[in-house]
Amino acid sequence: MELYAYTYVGPEEIRRSVASFPAGTPITSAGGLEAWLSAHPDSLAEGSTYVVDLQGRLRLAPRRSEHVACAGGEEVLAAGEIRFQRTGTSLSVEEVSNQSTGYCPDTDCWAAVALALGRAGVTAPQGFTHAVIFRRCDRCGERNLVKEGWFVCVFCDADLPAGWNLAPRRRIQTGS
């Protein structure tokens, strides 16, 4: 499987302001997820911030946390928002997105999310329940969130590229 490592592309002042914050908690099992949700009871209702680290582990932090803090300032395979639901005695993913304006991952990071959730023993949907398309404007350099397939920069009205272009990204090969 081919995955990509995404570097932080958000504001540098945010990265500096959270540099001393603890990284998100690695979730490697259903029991680990249960323990994390018990310690953060609001997360079932409001969701959580997540990243998938370079080791393929899901890391969780409370909903209003910065993704770069959750990642410990490191590159990620995926980043976004996630909300779990409890059905009987099991947990599954009710909502998951790649919405992270700090990392702006492409929608193809779903493979990393699915892999991390599977490793943690959590039932996942077939893909993002809310996929976000990010592009950098080649004219003005601003980060854009593409809505309704409208690939036009909201800052300078230039056409946005069809392919992901926020920063260089490294291919990572996995054995999975």
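I will go through one cavity, one aspartate and one hairpin in this structure.

This is a predicted model, in which local features need pLDDT of at least 70, side-chain atom pairs count only at pLDDT 80 or more, and totals for chains, interfaces and linings use all residues. Residues are numbered from 1 along each chain as its sequence is written, and side-chain values use heavy atoms, with hydrogens and water left out.

Let me start with the cavity. Searching the whole structure gives one cavity of 30 Å³ or more, where a cavity is a set of points on a 1 Å grid over the protein atoms alone at which a 1.4 Å probe fits but cannot get out, and lining residues have an atom within 4 Å of a point. Its volume, the space filled by probe spheres set on the points, is about 30 Å³. The lining consists of E2, L3, Y4, Y6, L77, D108, C109 and A112, and strand 1 (residues 2-5) gives the most to it, with three residues; strands here are DSSP runs of E, at least two residues, numbered from the N terminus.

Now to D53, in the loop between strand 3 (48-52) and strand 4 (58-62). D53 counts as buried because its relative accessibility is 6%, buried meaning under 20% relative accessible area with a 1.4 Å probe and protein chains only. Beyond its neighbours within four places in sequence, D53 is in contact (heavy atoms within 4.5 Å) with R59 and L77.

Finally, the hairpin: strand 7 and strand 8 have six residues between them, and G141 in the turn has a positive phi of about 85°.

How values were computed: On a 1 Å grid over the protein atoms alone, a cavity is a set of points where a 1.4 Å probe fits but cannot get out, and a pocket is an open set with protein on both sides within 12 Å along at least five of seven lines; lining residues have an atom within 4 Å of a point. Helices (H or I, at least four residues) and strands (E, at least two) are DSSP runs, numbered from the N terminus. Buried means under 20% relative accessible area, exposed over 50%, partly exposed in between (1.4 Å probe, protein chains only). Two strands pair if DSSP finds at least two bridges between them.
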